[in-house]
Each structure stands twice: as C-alpha cells, then as structure tokens.
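Student: Could we go through this model together, asking what lies behind each label?
Tutor: Gladly, let's have a look.

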Amino acid sequence: MNSHPRSTRSATITIAVLGSLGVLLMSVAGLIVGLQFQSQRFQYVSPWHSLTFIVSLTTSLQYAQILGWMAITGLLIAWGVNASTVTRVRAAAAIAAGALVPVGLVVFAHQLNRIWPDTTGPTEVPALTALLALYSLGVPWTLGRLIQRWVPAYRPTVDRPMTISQ
C-alpha cells in the first residue's frame, strides 16, 4: 500500500544520493584545500598526500558521522525536491546543493564565532548548537525547494511548425 510509484521512489533516491555526493566532494575538497594552505611552507605537499593524511587521521566513528551527515543532507534535499523525474539539470542542481551545505556551514560557523569568540566547540553554548543544527536541517530542505521551484522537471519542448504530413 505504498502511495509512491516506483519512478518517484527512484527519483527521490537518485536526488538523495547526488546531494550526498555533493556533500562528500565539497567536504573532502575543503579539507584538502585547508591542508594545502596550512602547509604552504612545505614544498613537497600535494593534494594526494593531503588526502592520504586525512584518511589516516580519520577514525571509524568520524567516518560514521560523515556518512550520517551525508545521508541526512541528501534525504533533506530529496524531500525538498519531491521529484517524480530526474533530469540532468536537476541532478547537477542536487550535487551543487549538497556542495553548498558544508561551505555555508563553515561560513555560518565563522560568523557565529564572532558572537561567541571564546568557545572551543558548539557543545559549550547550547544556542550555538541549536543554530548549527537548524542550519544543517533547514538549508538542505530549502535548497531542495529552490530546485523544485526553479529547475524544470522536464526538458522544454521545441515548438516546431507542423507540416501537412504531420
């Protein structure tokens, strides 16, 4: 007694996976860029070395947290889109929306650091934790709604003049 047809479920899953992929790609790229800027004085540091360094430092609990954040973000984007079909433009928009979430979170956290400058983490101030949680839940869904509203679900058809034989 499922109300969603198979194509709607597969479109939702596709959007969720693409949104999660965007989060992963931007998070890894941000970490590599951050390590590159911090290690400018070392001349033999490459993005590959940075990536292997990140992988060697990450624990299994951190992997689980990253995967959970990716999954929740992807699901919230897909929930916002509520798509019945996935076009290439919507797929690209879902990846971009997923990539915007970590970037916006870092920018938002830096702005909140001006209000609470002496905190070592979000758990010190409950209001800070609540604001970051609201961002992490609200922004992906809002980006999904923007995709739903602004990105067409179908390719526009080209109006061709009909001939007599048609």
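**Pockets and a helix crossing**

Tutor: Keep in mind that this model is predicted. The lining of the second largest pocket consists of Leu105, Ala109, Leu112, Asn113, Trp116, Thr119, Gly121, Pro122, Leu128 and Leu132. Two or more of these residues come from each of α4 and α5 (126-150).

Student: Which element gives the most to the lining of the second largest pocket?
Tutor: That is α4, with four residues. The volume of this pocket is about 210 Å³.

Student: What makes Gly121 count as polar in that lining?
Tutor: Gly is placed among the polar residues by definition, so Gly121 is counted there. By class the lining has seven nonpolar, three polar and no charged residues.

Student: And what lines the largest pocket?
Tutor: There are 22 lining residues, and Ser27, Val28, Leu31, Ile66 and Trp69 are the closest to its centre. The space in this pocket is about 840 Å³. Its lining divides into 16 nonpolar, six polar and no charged residues.

Student: Why is α3 called oblique to α4?
Tutor: The axes of α3 (residues 60-81) and α4 (residues 88-115) cross at roughly 130°. Angles of 65 to 115 degrees count as roughly perpendicular and those over 145 as roughly antiparallel, so this value falls among the rest, and α3 is oblique to α4. The crossing is right-handed.

Student: Which residues of α3 make the contact?
Tutor: Trp69, Thr73, Ile77 and Val81 do, meeting residues of α4 that include Arg90, Ala94 and Leu105. The contact residues divide into eight nonpolar, two polar and one charged.

Definitions and conventions: Residues numbered from 1 in each chain as written. Predicted model: local features only at pLDDT ≥ 70, side-chain atom pairs only at ≥ 80, totals over all residues. Heavy atoms only, no water. Axes fitted to C-alpha atoms, helices over the stretch in contact; angles between N-to-C directions. Parallel < 35°, antiparallel > 145°, perpendicular 65-115°, else oblique. Left-handed = near helix turned anticlockwise from the far one by under 90°. Contact = heavy atoms within 4.5 Å. 1 Å grid on protein atoms, 1.4 Å probe; cavity = no way out; pocket = protein on both sides within 12 Å on 5 of 7 lines; lining within 4 Å. Points joined across faces, edges and corners; volume = space filled by probe spheres on them.
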